[in-house]
Each structure stands twice: as structure tokens, then as C-alpha cells.
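Welcome, and please take a moment to turn the model around before reading on. The paragraphs below lead you through it one place at a time.

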Amino acid sequence: MGWRARLAVAAAAGLASAAAGADRFCENDLALLDTQFEGGAFHRCDVRDGKFVISIRPEDSKVEVPMPWYAFRASPKRPGDAVVLMGFVGADADRFWPKVSLDGTNWQRMSDRSVAVSDDNQRLALRIPLAEAPVWIASQRLLTTRFYDTWTLSLAERSDVAVRALGRSVHGRPIPVAETGNHPQAVLFIGRQHPPEVTGALTMHAFVDTVLADTELARSFRDTFTVITVPLLNPDGVAAGHWRHNAGKTDLNRDWGPFRQPETRSVRALLADLAERGIALRLMLDFHATQLTETHLFYTQRPQDGDGTAHAFAADWFERVRKRQRDLEFIHRPSKSESANAKNYFFTRYAIPSITYETGDETDPAWIEAAAPVFAEEMMRKLLSP
Ligand SMILES: [Zn+2]
């Protein structure tokens, strides 16, 4: 029996006997585990037989989509291998492959040799080598509200970008918006409705950077279109390490129409403001992440939706991408649902191309950095074409 198999057995034994008496940190003679940083989250932590036993569960009982966010830090007391047994409630243990960081900023996938998944896929066993410095472990790399602060502050320094708070979250955090130009046609980009969808956030960052870049194409695009970016719609969920919801126990991407939450209402106010200024939306992109692809997946309108122009826009956009780079893999999936999501809301209300732009949960950030700008440039060319 290899050590991975042994760890899996230990995980099964350890978690089967989970008992009361833990807190949001725990320690043994080797290390202290805690979640006292932004995005840090696990449900509880115990030490049993020298091993750390952690349980992972959603932020509230209404969460229906199993994207098990967790993030914790192991601070060593002496060098050695910490064994962490993780039990998942309401999600598959291997839904995200664990990521590791030595500085909380640079992340990589944990080595296959350091992770064991139990047969029933409800438990993970991790072996974490510790030296002197803390080690961060998370289901996805940490992309906290500070990332967005840095991004929007750098945009605010530009004379051609206006950054402001669109509104406040349930817990009073600002919802940032960055806007360029004041032209009668606008494109709107929305991000991070769902906290764990970090690869979608990386895609949005690379995409928006391309649209706001100092290139001839991007400059002429911004001379024609107002560009509105709402990169962080759910700051409370991101800060707290939620699986899905905002602090109002709501999936924001089921609140487009009901508008029961301040986050979605802040965008509704933005839309009213645009209407007052005589600015018409031409395109809405909503950035997410999914396990259904390893590249990009676009949910668009179907040919039979409306007068067909929304589907035709997407089809032409993607044809341009294919012509330019034949080996760039992605999926175009025309679809329709009754869900109160952003895609439905913007299409129903404005009859514009309204697209959910998904990126695979485990997609390599380097691939994203290369691919998203291609889609951004071809989107700009498409919108600028007569
Ligand atoms: Zn999502």
C-alpha cells in the first residue's frame, strides 16, 4: 500500500469519527492551521491522532451548486509533513484540485503525489511539506478584493477611465465600476458573481485589459463605444470565501429580475443612468467558470431567439476567432433557460447579444492570458465592422 492509499484510508477513518470541539483554527506540535485572511474558509478544524481534520461545507443551506471553496494557511512550528484530512459536505472532494502557494500570491496545483481522493469522492487527504514559512492551500488561487482594488486604482490613474463605486454590497463593500468614454453605444462586462470562479475572473482581467489597452484597435474601439466594466459584483462572497452566494444568502445570478439584492440593484441603477444619458447597450458579457470545459465555453442566444441577430453576432465573432487562430479551442453553446440570470435579463430587456463567458475551473492561467485577448480583439473588430 502506497502512502496515498494509506492517507485515503486514514481520511475515511478520521472523518467518520468527527466530533465536536473545534474552531476556525487548530494546531498540533507541527503547525497551526487558520483561515484568518481574506478568502480564508473552512467549516471547522480538529486535530486527531496528530492529523488535521477539516470539514468543508457551503456558507448556507440554500446553496445548490457544489463549488466547494476552501482556503487555509499552515504555519509551521517545526519542519515536517502535515497531514490534512478534508471532508466535504454537499460537493465532490475532487471538484477542485487543491492549489498551493508559498506566499499567498503565486499558486500552483498540488502535486498528484501529495493528494489522495477517497473512493466515495467525499474526502481528500493532503500531505503538506512544511519548512519554516507558512503554506497556503486553497481550492482555487486566491483572487481577493485587494486584487480588484489594485486593478481599479491603476485604472483610476488614467485620464480616460472613470472609476467609482456603483453601490454597496450587503456588508457595505463598494461595487466598483470602471467606465471609458461617453458614446451613444456601450458594451458591459460583469464579473465575479460567483466567488470560486477565479479562472473566469482571470479571463475577464485579460479580456478587459485588451479592450483598455494602448493599441490602435482598442483606441478606436473606445472612440466609438462606451466601455463599462463591473469586475466584482459579489465582494462579500469573495472576502468570506463563499461557494456561491452573496451575504444575503442569494445566488446573484438568479436575481436579475427580482433584484432583491443591493449588488444586482446597483447594476439596475447603472442601466437607468445609461438610459438617461441616451446610451444604448450593444453587448453584455458575464464572466464565469465551470468544470464543463478546459478552455472557454460561451452560452449565447439560439438562432430562433428574437430576430436571430444576437445569435448571428456570436456566430460571426467566433468565426473571426476561428479564422485567425484555427487551433484555439473553445465551445459555442447556444442555449435558453428560464433562469433569472444576467444572460436572460439583458437579452429579454435589450434584445442584445447577452453572453455567459465561461472558463474551465482548471484551465491554465497561461492559456487564459493568451486566449482571452484574441476573443477581445475579435469582439472589437466585429463591433467596429459595418
Ligand atoms: Zn458562475
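Helices and strands here are DSSP runs, numbered from the N terminus, with at least four residues for a helix and at least two for a strand. With that in hand, we can place Thr-295, which sits in the loop between β16 (280-290) and β17. Keep in mind as you look that this is a predicted model.

Let us stay with Thr-295 for a moment. Is Thr-295 buried or exposed? Thr-295 is buried, because its relative accessible area is 11% and the cut-off for buried is under 20%. Leaving out residues up to four places away in sequence, Thr-295 touches Glu-329, Phe-330, Glu-358, Thr-359, Gly-360, Thr-363 and Trp-367.

Now step along to His-296, which belongs to strand β17 (residues 296-300). His-296 is buried, with a relative accessible area of 0%. Which side chains make polar contacts with the side chain of His-296? One is that of Tyr-357, at 3.2 Å, and another is that of Thr-359, at 3.1 Å. The surroundings of His-296 also include Thr-203, Glu-329, Phe-330, Ile-331, Glu-358, Trp-367, Ala-371, Ala-372 and Phe-375, again not counting residues up to four places away in sequence.

Two of those contacts, Thr-203 and Phe-375, lead us to a pair of helices. Thr-203 is one of the residues of α3 that meet α9, and Phe-375 is one of those on the α9 side. Two packed helices are described by the angle between their axes and the distance between the axes. For helix α3 (residues 198-211) and helix α9 (residues 365-384), the axes come within 8 Å and cross at roughly 45°. The two helices are therefore oblique to each other, and α3 passes α9 in a right-handed crossing. From α3, the residues that take part are Thr-199, Leu-202, Thr-203, Ala-206, Phe-207, Thr-210 and Val-211. They meet Pro-365, Ile-368, Ala-372, Pro-373, Phe-375, Ala-376, Glu-377, Met-379 and Met-380 in α9.

Helix α9 has another partner to visit. Helix α7 (residues 309-324) and α9 have axes that come within 9 Å and cross at roughly 125°. α7 and α9 are therefore oblique to each other, and their crossing is right-handed. On the α7 side, the contact is made by Phe-313, Asp-316, Trp-317, Phe-318, Arg-320, Val-321 and Arg-324. On the α9 side, Val-374, Phe-375, Glu-377, Glu-378, Met-379, Arg-381, Lys-382 and Leu-383 take part.

Helix α3 has another partner as well. How do α2 and α3 lie relative to each other, and what is the angle at which they cross? The axes of helix α2 (residues 145-156) and α3 come within 13 Å and cross at roughly 5°. That angle makes α2 roughly parallel to α3. Phe-147, Tyr-148 and Trp-151 of α2 make the contact with Ala-201, Met-204, His-205, Val-208 and Asp-209 of α3.

Follow α9 again to Leu-383, which is among the contacts of Phe-225. Phe-225 lies in strand β15 (residues 225-230) and counts as buried at 1% relative accessibility. Beyond its neighbours within four places in sequence, Phe-225 is in contact with Thr-180, His-183, Gln-185, Ala-186, Arg-282, Leu-383 and Leu-384. The C-alpha atoms of Phe-225 and Asn-182 are separated by 7.7 Å, with these positions 43 residues apart along the chain.

Next, look for the disulfide. The count comes to 1 disulfide, and it joins Cys-26 to Cys-45, with an S to S distance of 1.7 Å. Cys-26 lies in strand β1 (residues 25-27) and Cys-45 in strand β3 (residues 44-48), so the pair ties together parts that are 19 residues apart in sequence. Cys-26 is buried at a relative accessible area of 7%, and Cys-45 is buried at 1%.

We finish with two backbone details. Asp-49, in the loop between β3 and β4 (51-56), has a positive phi of about 50° although it is not a glycine. Phe-259 is also a residue other than glycine with a positive phi, near 50°, and is found in the loop between α5 (235-240) and α6 (262-276). Are these two residues buried or exposed? Asp-49 counts as exposed at 72% relative accessibility, whereas Phe-259 counts as buried at 6%.

Note on methods. Residues numbered from 1 in each chain as written. Predicted model: local features only at pLDDT ≥ 70, side-chain atom pairs only at ≥ 80, totals over all residues. Heavy atoms only, no water. Disulfide = S-S within 2.5 Å. Buried < 20%, exposed > 50% of the residue type's maximum accessible area, 1.4 Å probe, protein only. Polar contact = N/O pair within 3.5 Å; in protein donor to acceptor, adjacent residues only side chain to side chain. Contact = heavy atoms within 4.5 Å. Axes fitted to C-alpha atoms, helices over the stretch in contact; angles between N-to-C directions. Parallel < 35°, antiparallel > 145°, perpendicular 65-115°, else oblique. Left-handed = near helix turned anticlockwise from the far one by under 90°.
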